Amino acid sequence: MEYLHADITKIILQGFYTVCNALPFGLDKTIYRNALATELTSLSLQVETEKQFPILFKNTEVGKLITDIVVNSLVIIKVTCFETAINKETELVANNQLLLTDKEVLLILNFGIEGNHKRLFLTNNFKK
């Protein structure tokens, strides 16, 4: 069984671990995000940082959801830098990002002491 957008997520993860191996733990999240965006661009992916999505309530825009990175207009990346594992609160926020956008795949990339990641997906046919 092949995962949705597996070809893109494979390249993203290669870029993620390249950045993890090059930069030490303990830097600001924006440094990791910018380094990752640079690496993914060098791997011929289309990268948008801080992409905004409107949040609607009763057909009225009530705010904007801002994602860390969107790759090839298909995959959201949420950048974190927890010392250890990705926590449940981060997963909940990431699931909400999938729910509130038309994107179906999200990678949580944690630039911790040891880099780790989590892949989430929610196909659009299961969204409201």
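Two strands pair if DSSP finds at least two bridges between them, and strands themselves are DSSP runs (E, at least two residues), numbered from the N terminus, as are helices (H or I, at least four residues). With that in hand, welcome to this predicted model, in which local features need pLDDT of at least 70, side-chain atom pairs count only at pLDDT 80 or more, and totals for chains, interfaces and linings use all residues. Residues are numbered from 1 along each chain as its sequence is written, and side-chain values use heavy atoms, leaving out hydrogens and water.

**The chain as a whole**

The chain holds 3 helices and 7 strands, arranged along the sequence as α-α-β-β-β-β-β-α-β-β. Its radius of gyration is 14 Å, which agrees with the value near 14 Å for a compact globule of 128 residues; the radius is taken over C-alpha atoms, and the globule rule is 2.2 Å times the number of residues to the power 0.38. Along the principal axes, the C-alpha atoms fill a box of roughly 45 × 30 × 25 Å.

Of the 128 residues, 38% count as buried (buried means under 20% relative accessible area, exposed over 50%, partly exposed in between, with a 1.4 Å probe and protein chains only). Among contacts (heavy atoms within 4.5 Å) between residues at least 6 apart in sequence, 58% join residues at least 24 apart.

**The β2–β3 hairpin and its surroundings**

Strand β2 (residues 52–57) runs antiparallel to β3, and 6 bridges join them. At one place in this pairing, Phe 57 stands opposite Thr 60 in β3. The two strands form a hairpin with 2 residues between them, and Lys 58 sits in the turn.

How large is the phi of Lys 58, which is not a glycine? The angle is positive, about 50°. Ser 73 is likewise not a glycine, and its phi is positive at about 55°.

What lies at the other end of β3? Thr 67 is found in the loop between β3 (60–66) and β4 (69–71). Not counting residues up to four places away in sequence, Thr 67 touches Thr 49, Glu 50, Lys 51, Phe 53, Ile 76 and Gln 97. Thr 67 counts as buried because its relative accessible area is 1%.

Here are the three loop residues side by side:

| Residue | Loop | Relative accessible area |
|---|---|---|
| Lys 58 | between β2 and β3 | 70%, exposed |
| Thr 67 | between β3 and β4 | 1%, buried |
| Ser 73 | between β4 and β5 (75–80) | 34%, partly exposed |
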